[in-house]
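Good morning. I will take a few minutes on the fold you are about to see, starting with how helix packing is described.

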Amino acid sequence: MTSAVLAHAAYGGQLVEARFFDVSAAGREWLAGNAAAARALVAAAAKDGVRHEHVRKQTALFTDVPYDDVIDFLRAYEFHQESSDGDRDRLVSYITKRVRAGALLRWSVAVIGNGRDETEPRDMGGGVCVRMVKRARLGQKDQVLGDVADIKTLSSRRDETIDLLLDGPVPATHKEILELRQKQRPDQGLLLIYPIEPESDTGDKVGRRPLAAPTDDVVVGVTIVFPEPRPGSMDSDVEYFSADLSNVAVEVEDDSVLEQDDESL
């Protein structure tokens, strides 16, 4: 705590992703708990929300899902500790504050499967069964890898617009997506669930190694897209103590690995 500083988190306009996974033998229980949390959310979304049919191959979309279902999920799903922006208490506190301000009362929840039909299907609850996506971990050939796998990027721009109406191609930037969301779903969040194949061997792609997660079921990745506050209104924030990372460089997002997977155009 000697290097801790008081920080504030405001998630408006932000994207939160689970990109780190415990692939040690001890991670089996953690992975199972997250899979159970995802299935509970999908079942709740199917019960409380509105399902949209034929949105995209191997994909399920529910809109108008009550925020309570999302909060229940976040209290059960555990982001790996390396995913610093996925802190459970901060996320729940932020959503609760936004709800009190009249926002984030309703959510879109989507399950993103593999449109190329190259993996086995998994039952994700709520009548949703999709083929698993592949997300290989970062790592060079012959490199000794640790117990924590970093997949770098989980979602694509196409996924982040799944509950929006597009008149043309998918927006090229996150900023453009937020602008479109401001017009169509200004007070609603988006939560994407990715059932990831445990092995996720993507072949000889440079800089990638199989995920090799210790489960026979599914690895669940999650992406949350928060809308920006309406023009003229202020975002909510939550306080927390954090290490001083002012001298740490910010990584640039890389979604090139997603070109190999998920898409069925």
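A pair of packed helices is described by two quantities, the angle between the axes and the distance between them. The axes here are lines fitted to C-alpha atoms over the stretch in contact, and the angles run from 0 to 180 degrees between N-to-C directions. Keep in mind that this is a predicted model.

With that, the helix pair. Helix 1 and helix 2 have axes 9 Å apart and pack at about 175 degrees. Angles over 145 degrees count as roughly antiparallel, so helix 1 is roughly antiparallel to helix 2. On the helix 1 side, the contact is made by Asn 34, Ala 37, Ala 38, Leu 41, Ala 44, Ala 45 and Asp 48. Helix 2 supplies Asp 69, Val 70, Phe 73 and Ala 76. Sorted by class, that contact has eight nonpolar, one polar and two charged residues.

Now the sheet. It is open, with six strands in the order 2-13-11-6-5-4 and mixed pairing. Strand 2, residues 15–17, and strand 4, residues 50–52, are at the edges with a single partner strand each, so each has one side without a neighbour in the sheet. On average, neighbouring strands are turned by 20 degrees against each other, direction ignored.

Which strand pairs with strand 11 over seven bridges? Strand 13, residues 219–225, does, in the antiparallel sense, with strand 11 spanning residues 189–196. Within that pairing, Leu 191 has Ile 224 of strand 13 as its bridge partner.

Finally, helices on sheet. Helix 1, residues 27–48, packs on the sheet and touches strands 5, 6, 11 and 13, with its direction at about 70 degrees to that of strand 5. Helix 2, residues 67–76, also touches strands 5, 6, 11 and 13, and its direction makes about 110 degrees with that of strand 5.

Methods: Residues numbered from 1 in each chain as written. Predicted model: local features only at pLDDT ≥ 70, side-chain atom pairs only at ≥ 80, totals over all residues. Heavy atoms only, no water. Pairing = 2+ DSSP bridges. Helix = DSSP H or I, 4+ residues; strand = E, 2+ residues; numbered from the N terminus. Contact = heavy atoms within 4.5 Å. Parallel < 35°, antiparallel > 145°, perpendicular 65-115°, else oblique. Nonpolar A, V, L, I, M, F, W, Y, C, P; charged D, E, K, R; others polar.
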